[in-house]
Amino acid sequence: MTGGCDFREQISVMARERLESSSIGEIIEMAARFRALSFGAGEPSPELFPKDMIREAVAEAFEGQDVWGYYHDDFGYLPLREWIAERMIKDGMAPSWVKPEHILLTNGGGEGVSLVSEALIDPGSVVLVESPTYVESLLTFRKQGAICVPVPSDDEGIIPFELERIASAVRPRFLYTIPNFQNPSGRTIPEERRIQILDILRRLNLPMLEDDPYHYLSYDAAPPPCFLKLAGEDCRVVHCNSFSKTIAPGLRVGWLVVPPPLRNALHHLRVSAGLGRPTVIQAGVWRYLSRIDFPSRVKKLCDGYRERRDAMLDGIIRYLEPLGIRTSKPAGGFFVWCESPDSRDIHSFARYAVEKHGIAIIPGQSFFPRGDKRGDWAFRLSYAKVPAEQVNEGMQRLARAWESFPAVRASSVS
Ligand SMILES: Cc1ncc(COP(=O)(O)O)c(C=O)c1O
């Protein structure tokens, strides 16, 4: 189509922030085109979705009288918020002040991050992030006008000394963390370090956005207590969570635990962002949850993903460690973070691996704030959507690609 308005002069600065081409999108597209095995997609596995039960529960939800009109509580369907508050307290995730009135239902965890960003970020504000961190949150913060400043992390996540040094110098609006089985690194912050981090935030009077969608996908032992719980009466932690990993991401149901001092601001932002979210879906999720045993559901998921995680850890020992590739050893979630022993161009390598060896990985660069070069020598693997039997084959392909790459000139890869 030609002619007419091309919107070039009208596209907002906010939208431009998100228009950069993404290497994640490129590799996922190439994986489909070359029919490659993919360690790229960081999404739940479809055969673990409880499709029949959800179909039934949502169909029944349509029988309720309260799902057809506007739902007059802007925080969302009350029975689901009651279920969440009760569950979080029972599972030791939340302190006792958390009540249904503090639970705000969102369009997945992503919308929770976005609402908190709108509430706390002005153009030019600084947000502290783990390094590396979840790419979509980086884009959300930047879209809101934030400057994302990385805090160096080691195998146990954010380094407290570095946090204190950087936070004292830049006066951030908040610290963003994914404390369990982090995306993309797979790391978990141990309890002792969580306490140190909270002490620093208290001293500097800074809030935290805790994004914990992988909380229940813990394969070896229960994860450490949430920052929300550890902070107790000191309401500086906004907790963000989601049913995308425990039920299915297509339902788009997540939530925020909103501390009382932020409740008013988030209420107004929620109203201005579209008068709530589909009640029928929230009611369907609640009907589903109230007829299952949630811990059994979690166990089933963990059994499924643990097998894949173990197959990948086995492949790491057999095929990647002999090549000098350093990796994280996740105790849950979907991700393994890999660091190259040499300074090869990982973006070119990723394209070569998918095209010539039929294996997709995600280059590390996208997971760092702009200008941070540490991702240039790292990449992320996800075992979430690869059956355990195929993980071994994928790791062998990756090792073969790695060994043969130095002979290949980056420019010869299309
Ligand atoms: C760390 C993190 N936060 C948030 C999300 C968003 O998930 P959703 O919006 O589907 O709940 C994801 C999804 O992969 C994630 O990895």
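## Strand pairing

In this predicted model, β13 and strand β14 (residues 378-382) pair in the antiparallel sense over two bridges. Within this region, Pro363 stands opposite Phe379 in β14.

The two strands belong to an open sheet of four. The strand order is β10-β11-β14-β13, and the pairing is antiparallel. Its edges are β10 (326-327) and β13 (362-363). Each edge strand pairs on one side only. Strands of a sheet pair through backbone hydrogen bonds, either parallel or antiparallel.

## Ligand site

Where does the ligand sit? It occupies the largest pocket. There are 13 residues around the ligand. Those that come nearest are Gly109, Asp211, Tyr214, Ser242 and Ser244.

Which helix gives the largest share of the shell? That is helix α5 (residues 108-120), with three residues. By residue type, the shell around the ligand holds four nonpolar, six polar and three charged residues.

## Polar contacts and burial

Two glycines approach ligand oxygen atoms through their backbone. For Gly109, a backbone N or O atom lies 2.7 Å from an oxygen atom of the ligand. For Gly110, a polar backbone atom is 2.9 Å from an oxygen atom of the ligand. Asn183 uses its side chain: a polar atom there lies 2.9 Å from an oxygen atom of the ligand.

How much of the ligand does the protein bury? Taken alone, the ligand exposes 390 Å², and the protein buries 92% of that.

Note on methods: Residues are numbered from 1 along each chain as its sequence is written. This is a predicted model: local features need pLDDT of at least 70, side-chain atom pairs count only at pLDDT 80 or more; totals for chains, interfaces and linings use all residues. Side-chain values use heavy atoms; hydrogens and water are left out. A residue is near a molecule or strand if one of its heavy atoms lies within 4 Å of it. A polar contact is a pair of N or O atoms within 3.5 Å; within protein, one must be able to donate a hydrogen and the other to accept it, and residues adjacent in sequence count only if both atoms are side-chain atoms. Accessible areas come from the Shrake-Rupley method with a 1.4 Å probe; for residues, only the protein chains shown count as cover. On a 1 Å grid over the protein atoms alone, a cavity is a set of points where a 1.4 Å probe fits but cannot get out, and a pocket is an open set with protein on both sides within 12 Å along at least five of seven lines; lining residues have an atom within 4 Å of a point. A molecule sits in a cavity or pocket if more than half of its atoms lie within 2 Å of its grid points. Ala, Val, Leu, Ile, Met, Phe, Trp, Tyr, Cys and Pro count as nonpolar, Asp, Glu, Lys and Arg as charged, and the others, Gly among them, as polar. Two strands pair if DSSP finds at least two bridges between them.
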